[in-house]
Amino acid sequence: MLFSSIPFLYYFLPAVLIVYFLVPKALKNTVLLISSLVFYAWGEPKYVFLMIATICLFYFCGIAIGKSQTQKMKKLWLTVSVVISLALLAIFKYADFFIESVNSVTGLNMSLLRLALPIGISFYTFQCLSYTIDVYRGNAKVQRNIISFGAYVSLFPQLIAGPIVRYVDVARELDSRTHSLEDFSLGLRRFLIGLGKKILIANQLGELTEIFRQSGEKSVVFYWMYAIAFALHIYFDFSGYSDMAIGLGRIFGFKFIENFNYPYLSRSIAEFWRRWHMSLGSWFRDYVYIPLGGNRVKRSRWVFNTLVVWMLTGLWHGAAWNFVLWGLLYAAFLLIEKWVPALQKLPSVFRRAYVLLVVILGFVLFNATDLYQAMSDIGGMFGFGNVPFVNTETLYYLRSYGVLFVVALIGATPLVKTVANKVSQKTIGAVLEPVIMLLLLVLCTAYLVDGSFNPFLYFRF
């Protein structure tokens, strides 16, 4: 079930909210757990049992770590949780990729498993791992209430698309949280803004990328339109979904961490990744990069650590070689930025342009079905393969989507938020805001009823 769908907006969410705010405090986590399992089972009926098994596994491993009297036993139970969870992730997400790679190298013909990917498995696996690791480290207390722990793992606002919420960040709110009209209002506003970003901007840009794929009359300009459209599409798609998740969390009394901070304004690749999918970046930093030694090691080891983390980051996004190369591409530029400090002395405009070029080309690689298509797309952007510079079809779509590009480019900066904050501080802002939010909901609903293009890219993660 998508947040940006009629069943969720007008049936599931209202029903959950009514029940949640009617029941006493002691039953609120139960309502969240049951509703989250229903939410997950809506799209993945059989894999809801995998979700329940994951909850039980990590709950009992957490209990075992807490009761262990020796460091050796604590490490044993931590290892059990890590190995089993990563094994499940490997089987469902990476087994066929591994088999295909072995087949292509060795000439064997091993059969593929062809298992459907459980929705959100990458997100909830990382959340569970953060729990047992933090309990082992002594950074988090053991959660002895399986209902509360289950609610944490399966919490539907951020279950399928993040942000990746660590247990330590919501432990207090799981046991005791407050609700207020102000939080409800702020959460609803954040949710509707995210809904608008997803439906009115991301979906329309995504439609253009599909048009490009189906076109038989591509040009250099059309290749660049596609590349920029996809970069904006994935930003508004994922950040819009994160906004909706953060807003829903606020409604239910949780304050989730931010996941995006205008990444396309970055002046270095390192800064870009401090602004893009921040919950994933910080997870790899704290649970992989630093345990490997981080940058407090010999240069050769530091390079190894960097390559490992970014290869895993690429693989986290998908089981294909283009994702691996996409991750290693960022590793290479991060290493270059460290080794060539003169880059940071260039004028800001050049640094921003360099980041945007790397990111746009990276997303072309990211979105390709295979390496051949990636090279073909990048070659087309630079005129290789006898591609015309521009043609009639390109000009048609440029006129059709020109306004949307301008809106998206402005929306990817803090300008809209700055203006909205200034207006809200005035008396008229108190009147305009609910009207604008209502109009936004009506407009989004109209698009959904019309059956407009409405995929969600991060379902495959």
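A salt bridge is taken here to be a side-chain nitrogen of Lys or Arg lying within 4 Å of a carboxyl oxygen of Asp or Glu. The structure is a predicted model, and by this rule the count in it comes to 10 salt bridges.

**Salt bridges**

Three of these pairs are set out below, each with the distance between its nitrogen and oxygen atoms.

| Acidic residue | Basic residue | N to O distance |
|---|---|---|
| Aspartate 243 | Lysine 197 | 2.7 Å |
| Glutamate 271 | Arginine 275 | 2.9 Å |
| Aspartate 286 | Arginine 285 | 2.8 Å |

The salt bridge between aspartate 243 and lysine 197, whose closest N and O atoms are 2.7 Å apart, links distant parts of the chain, since aspartate 243 belongs to helix α9 (residues 220–251) and lysine 197 to helix α8 (residues 181–214), 46 residues apart. Aspartate 243 has a relative accessible area of 8% and is buried, and lysine 197, at 16% relative accessibility, also counts as buried, because the limit for a buried residue is under 20%. Both residues take part in a network of salt bridges that links Arg190, Lys197, Asp243 and Glu258.

In the second pair, the side chains of glutamate 271 and arginine 275 meet in a salt bridge. These residues are four apart in helix α10 (residues 269–275), and so they are separated by about one helical turn. Glutamate 271 is itself buried, with a relative accessible area of 11%.

In the third pair, a salt bridge joins the side chains of aspartate 286 and arginine 285. Aspartate 286 counts as buried at 16% relative accessibility, whereas arginine 285, with a relative accessible area of 42%, is partly exposed.

**Cavities**

A search of the whole structure finds three cavities of 30 Å³ or more, and the largest cavity has a volume of about 60 Å³. The elements that give two or more residues to the lining of this largest cavity are α3 (48–67), α4 (71–106) and α5 (121–137), with α3 supplying the largest share, four residues. The lining is made up of Leu50, Thr54, Leu57, Phe58, Ser85, Leu88, Ile121, Tyr124 and Thr125.

In terms of chemical character, the lining residues of the largest cavity divide into six nonpolar, three polar and no charged. Among the residues in the lining are Leu50, Phe58 and Ile121, which count as nonpolar because Leu, Phe and Ile belong to that class.

Notes. Residues are numbered from 1 along each chain as its sequence is written. This is a predicted model: local features need pLDDT of at least 70, side-chain atom pairs count only at pLDDT 80 or more; totals for chains, interfaces and linings use all residues. Side-chain values use heavy atoms; hydrogens and water are left out. On a 1 Å grid over the protein atoms alone, a cavity is a set of points where a 1.4 Å probe fits but cannot get out, and a pocket is an open set with protein on both sides within 12 Å along at least five of seven lines; lining residues have an atom within 4 Å of a point. Grid points are joined across faces, edges and corners, and a volume is the space filled by probe spheres set on the points. Buried means under 20% relative accessible area, exposed over 50%, partly exposed in between (1.4 Å probe, protein chains only).
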